[in-house]
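Please look over the sequence and the structure below before reading on. The report that follows deals with contacts between side chains, taking charged pairs first and aromatic rings afterwards.

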Amino acid sequence: MSQVVGNTALAYHRAWHHVDAQGRTLGKLAQRIAIVLMGKHKPIFDRGADCGDYVTVTNARKIVTTGNKAEQKMYYHHTMYPGGLKEVPFRRLMEKKPEEIIRKAVSGMLPKNKLRERRLQRLLIFENEHNPYQSNVLKRWEDGQVPGPSPPPTLPVGIRPTLHRRIR
């Protein structure tokens, strides 16, 4: 019996990513976080398998929105009592719970299925620069891009790619 760890086991390993939200646009940041939480950046991605990574976000209070969303956007929830529809403006939610804004944006970009809550548990948001999970972080997004696979290798000049046919 072999003791070698295969590529599949390494691919399913959950890495920790760190994102600094200072000066980033809310929607684009939420989209990239959702991709990592789902595991779409991995070659073993499967819609029915939970193979995503952990994401820690710092400086949630310094996130940017485009247009007039800061003044016009409303967040709604219902208390389940008659007439219990509550609305909270973006500005008030930013003052009280800035991490909730990012969590709601990412939640809206994840598929609505049984894996959604489990994926959101791996999203850790902090309103300032303090990150207690800093020692776990393996990858940082300096430019906001999701670290993906490396580009395909280029062939030397004069060499043409060959197509191999499978022999039956």
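Which side chains meet in a salt bridge with an N to O distance of 2.9 Å? In this predicted model, the partners are R122 and D50.

## The salt bridges around D50

The pair of R122 and D50 links distant parts of the chain, with R122 in the loop between α6 (116–121) and β5 and D50 in the loop between α2 and β2, 72 residues apart. R122 is buried, with a relative accessible area of 4%, and D50 is buried as well, at 12%.

D50 also takes part in a salt bridge with R14, where the closest N and O atoms are 3.9 Å apart, a value to be read against the cut-off of 4 Å for such a pair. Because R14 lies in the loop between α1 (7–11) and β1 while D50 lies in the loop between α2 (26–38) and β2, this pair ties together parts that are 36 residues apart in sequence. R14 is partly exposed, with a relative accessible area of 27%. Through shared partners, salt bridges join R14, D50, R119 and R122 into one network.

## A salt bridge within one loop

Six salt bridges are counted in the model, and one of them is formed by D53 and K42, whose closest N and O atoms are 2.8 Å apart. Both D53 and K42 lie in the loop between α2 and β2, so this pair ties together parts that are 11 residues apart in sequence. D53 counts as buried at 1% relative accessibility, and K42 is likewise buried, with a relative accessible area of 10%.

## Aromatic rings around W16

The count of aromatic pairs comes to four. One of them is stacked, because the rings of W16 and Y54 have their centres 4.4 Å apart and their planes at 5 degrees. This pair links distant parts of the chain, since W16 is in strand β1 (residues 16–20) and Y54 in strand β2 (residues 54–58), 38 residues apart. W16 counts as buried at 13% relative accessibility, whereas Y54, at 26%, counts as partly exposed.

W16 is also stacked with Y133, as their ring centres lie 5.4 Å apart and their planes stand at 25 degrees. Y133 lies in the loop between β5 (123–125) and β6 (139–141) and W16 in strand β1, so the pair ties together parts that are 117 residues apart in sequence. Y133 is partly exposed, with a relative accessible area of 32%. Together, W16, Y54, F126 and Y133 form one aromatic cluster.

## A charge over a ring

K73 lies over the face of Y75, at 4.9 Å from the ring centre.

Notes:
Residues are numbered from 1 along each chain as its sequence is written. This is a predicted model: local features need pLDDT of at least 70, side-chain atom pairs count only at pLDDT 80 or more; totals for chains, interfaces and linings use all residues. Side-chain values use heavy atoms; hydrogens and water are left out. Rings of Phe, Tyr and Trp (its six-membered ring) pair if their centres lie within 6.5 Å; planes under 30 degrees apart count as stacked, over 60 as edge-to-face and the rest as tilted. Helices (H or I, at least four residues) and strands (E, at least two) are DSSP runs, numbered from the N terminus. Buried means under 20% relative accessible area, exposed over 50%, partly exposed in between (1.4 Å probe, protein chains only). A charge sits over a ring if NZ of Lys or CZ of Arg is within 6 Å of the ring centre and within 35 degrees of the ring normal.
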